[in-house]
Amino acid sequence: MSSLLQGVNLYLIGMMGAGKTTVGQLLAKHLGYRFLDTDSVITQSAGKSINQLFAEEGEAAFRQLESDVLAQVCAYTQLTVATGGGIVLRRENWSYLHHGLIVWLDVPVELLFTRLAEDTTRPLLQDADPKGKLRSLLEQRTPLYSQADLKITVKAEETPEEIANRIIEAIPSVLKPKVSH
């Protein structure tokens, strides 16, 4: 697998609660890659939580920080990167993501809602109707997410290990060995 990937980064995209961080850490271990979570890098460098950033500086400022982090990350190789759910919203981010292999963890709204029901750290879910908000975010982002190299549809009963294994098994289908003519 490592020889097929040739150090190319894996970028995990998908909605909040899709399991990008958990699955990403497992993938990194399997591949002998380093793991990075763009939200963690942002909170460390800003010295504030995502909630604080949204409240004090607004979503646009957060999205700019996210793009800056992504621009720096794509200079490295052998990384598995868990991205924020909205990273796909900015066109410039796609130019960075395309430096690597993009994996979309596609999780149904009902499952996302169950996973996020107790989570108060998600600024976009501070809404009177969090399930409706999730649904509308997913509808808005699906055309963007669907540009990923690999789509992995997650089922409720799957463990993070099973999802990571499915991704590893699917990578060869999108990474063809180079053939010289």
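A residue counts as buried under 20% relative accessible area, as exposed over 50%, and as partly exposed in between. Keep that in mind as you explore this predicted model.

**Exercise 1. Place Glu-110 and decide how open it is to the surroundings.**

Step 1: Find the helix. Glu-110 belongs to H6, which covers residues 109-116.

Step 2: Apply the cut-offs. The relative accessible area of Glu-110 is 44%, so this residue is partly exposed.

Step 3: Look for partners. Leaving out residues up to four places away in sequence, Glu-110 touches Lys-131 and Arg-135.

Step 4: Compare sequence and space. Glu-110 and Arg-135 lie 25 residues apart along the sequence, and their C-alpha atoms are 8.9 Å apart.

**Exercise 2. Describe how helices H3 and H4 meet.**

Step 1: Two packed helices are described by the angle and the distance between their axes.

Step 2: The axes of H3 (residues 38-46) and H4 (residues 50-73) come within 11 Å and cross at roughly 115 degrees. The crossing is right-handed.

Step 3: Name some of the residues in contact. Among them are Val-41 and Ile-42 of H3, and Leu-53 and Phe-62 of H4.

Step 4: Sort the contact by class. It has eight nonpolar, two polar and two charged residues.

**Exercise 3. Explore the largest pocket.**

Step 1: Its volume is about 440 Å³.

Step 2: Of the 26 lining residues, Met-16, Asp-39, Gly-84, Gly-85 and Arg-122 are the closest to the centre of the largest pocket.

Step 3: Which helix gives the largest share of the lining of the largest pocket? H4 does, with five residues.

Step 4: By class, the lining of the largest pocket has nine nonpolar, nine polar and eight charged residues.

Key
Residues are numbered from 1 along each chain as its sequence is written. This is a predicted model: local features need pLDDT of at least 70, side-chain atom pairs count only at pLDDT 80 or more; totals for chains, interfaces and linings use all residues. Side-chain values use heavy atoms; hydrogens and water are left out. Helices (H or I, at least four residues) and strands (E, at least two) are DSSP runs, numbered from the N terminus. Buried means under 20% relative accessible area, exposed over 50%, partly exposed in between (1.4 Å probe, protein chains only). Contact means heavy atoms within 4.5 Å. Axes are lines fitted to C-alpha atoms, for helices over the stretch in contact, and angles run from 0 to 180 degrees between N-to-C directions. A crossing is left-handed if the near helix is turned anticlockwise from the far one by less than a right angle, and right-handed if clockwise. Ala, Val, Leu, Ile, Met, Phe, Trp, Tyr, Cys and Pro count as nonpolar, Asp, Glu, Lys and Arg as charged, and the others, Gly among them, as polar. On a 1 Å grid over the protein atoms alone, a cavity is a set of points where a 1.4 Å probe fits but cannot get out, and a pocket is an open set with protein on both sides within 12 Å along at least five of seven lines; lining residues have an atom within 4 Å of a point. Grid points are joined across faces, edges and corners, and a volume is the space filled by probe spheres set on the points.
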